[in-house]
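Got the viewer open? Keep the selection box handy and we'll walk through the stops one by one.

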There are 2 protein chains.
Amino acid sequence: MPYPAKISVADIQRAALRILEDQGLEALSMRPLAEALGVRASSLYRHVAHREALLSLLSEEAAVQLRGALEGAAVSEAPGRPALEALSRAFLAFAQRRPQLYALMHLPRPPESGAGESQRLWQFVLGRVSRASGLPDDTAGTVALWAFLHGYVELERSGLFGLSGPAGGFERGLEALSGRHGLGVVPPRPESAG
Amino acid sequence: MPYPAKISVADIQRAALRILEDQGLEALSMRPLAEALGVRASSLYRHVAHREALLSLLSEEAAVQLRGALEGAAVSEAPGRPALEALSRAFLAFAQRRPQLYALMHLPRPPESGAGESQRLWQFVLGRVSRASGLPDDTAGTVALWAFLHGYVELERSGLFGLSGPAGGFERGLEALSGRHGLGVVPPRPESAG
DNA sequence: GTCTATAGCAGGATAGAC
DNA sequence: GTCTATCCTGCTATAGAC
């Protein structure tokens, strides 16, 4: 009775995620993945079309999880600069905590393929930045902040500022970008509040 | 008389560079590289120890060329904000013009291996940023600016802001980072000058 | 210094039995 | 839906003749 299914797409995704984070993208090949699931490699092709499709799945998952992390950090809804700082630190923390999953999001990918969750993520950040800057649809501000955050993550990962260390560069960039001459609007700062 | 050498390390480097830019890193394997040089793959190992060593060579070359591009752009020696803008635009132009070579610089690489040219590049940018900010050794400022530039390049390449386009995000970030509340010192602005 | 030949490995993917 | 068996392609790298 080998007929009841041993694995599902969700199983595959879970196992793939684990291999990805533990051993990196290169190690995520069909045979070890199948082995982790107690199954032969050829069986995987009943559930996913090919490896690329699997990576697309994971890329979507990455966008979902990052958005989740950002939403979680934005609970303290103080608008303006503090909100952008909280958002930024959550972004950095996520990228540091799940480097492989984060990196997967940025693989060159066919333009429209599953851009769904990636778009939702973008929209979320756009909303936060726009609220902070006071501009109705602050795409430029979002691009600027996002570029800084992503670049910082990448440089740290690649070890480019290895010798000196970041040396406060994160705070410096954040200050410049989220300060009132960057993106931030002057926070309300009601005098009656504690 | 097959004894006179048909190829040199410089030849290999040149051919590799060409393949890299034309077809990407994946396509840069020993067999096609050898073929481009009119030689068998095994012959390459007389000149380079292995593929990794070749990539290190190219990585160094990338740092040299990027530094060259930045130096070239910094000829108009107006200090302060305009200098940082010129530097930044040259950085962006280089990364866009030679995307594969640029990307090669950021591969995770053994810490000290050939960090020579990479270090010289860093020192050069550090010098420019420090001059602009007026701080003696503005590592934080350099990290912040570099992170922004690199992140912008990477996001553009990966197509993450595909739908909206960058929408002026480069200028926005540059303004925030190089403006007087970012890195830039108030430029001398002598009242007597035109 | 270059050649032929080959070892050795790993990967994605398919055919067809059960 | 999973299995066994297998194809095919690609890669780095080495041995040994000339």
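The tour goes from one DNA strand to the other and then to a pair of helices.

Before you click: this is a predicted model, where local features need pLDDT of at least 70, side-chain atom pairs count only at pLDDT 80 or more, and totals for chains, interfaces and linings use all residues. Residues are numbered from 1 along each chain as its sequence is written, chains are lettered from A and ligands numbered from 1 in the order in which they are written, and side-chain values use heavy atoms, with hydrogens and water left out.

**Stop 1: DNA strand C**

Select DNA strand C and show the residues near it (near means that a heavy atom of the residue lies within 4 Å). You should get 17 residues, with A:R31, A:R51, B:K6, B:R40 and B:H47 coming nearest. Of the strand's atoms that come within 4 Å of the protein, 59% belong to sugar and phosphate.

Now zoom in on the phosphate oxygens and look for polar contacts (pairs of N or O atoms within 3.5 Å). A polar backbone atom of A:M30 is 2.9 Å from one phosphate oxygen, and a side-chain N or O atom of A:R51 is 3.1 Å from a phosphate oxygen. Over on chain B, a polar side-chain atom of B:S43 lies 2.9 Å from a phosphate oxygen. Colour by secondary structure (helices are DSSP runs of H or I, at least four residues, numbered from the N terminus): the elements giving two or more residues to this surface are helix 2 (30-36) of chain A and helix 3 (41-44) of chain B.

**Stop 2: DNA strand D**

Switch to DNA strand D, where 17 residues surround the strand and A:K6, A:R40, A:H47, B:S29 and B:R31 are the closest. Here sugar and phosphate make up 61% of the strand atoms within 4 Å of the protein.

Which backbone has a polar atom 2.7 Å from a phosphate oxygen of this strand? That is A:R40. Next, pick A:S43, with a polar side-chain atom 2.9 Å from a phosphate oxygen, and B:Y45, with a side-chain N or O atom at 3.3 Å from one. Helix 3 (41-44) of chain A and helix 2 (30-36) of chain B each supply at least two residues here.

**Stop 3: two helices in chain B**

Hide the DNA and select helix 4 (residues 51-73) and helix 5 (residues 81-97) of chain B, whose axes are 8 Å apart. On the helix 4 side, click B:A62, B:Q65, B:L66, B:A69, B:L70 and B:A73; they meet B:A86, B:L87, B:A90, B:F91 and B:F94 of helix 5 (contact means heavy atoms within 4.5 Å).

Technical notes:
A polar contact is a pair of N or O atoms within 3.5 Å; within protein, one must be able to donate a hydrogen and the other to accept it, and residues adjacent in sequence count only if both atoms are side-chain atoms. Axes are lines fitted to C-alpha atoms, for helices over the stretch in contact, and angles run from 0 to 180 degrees between N-to-C directions.
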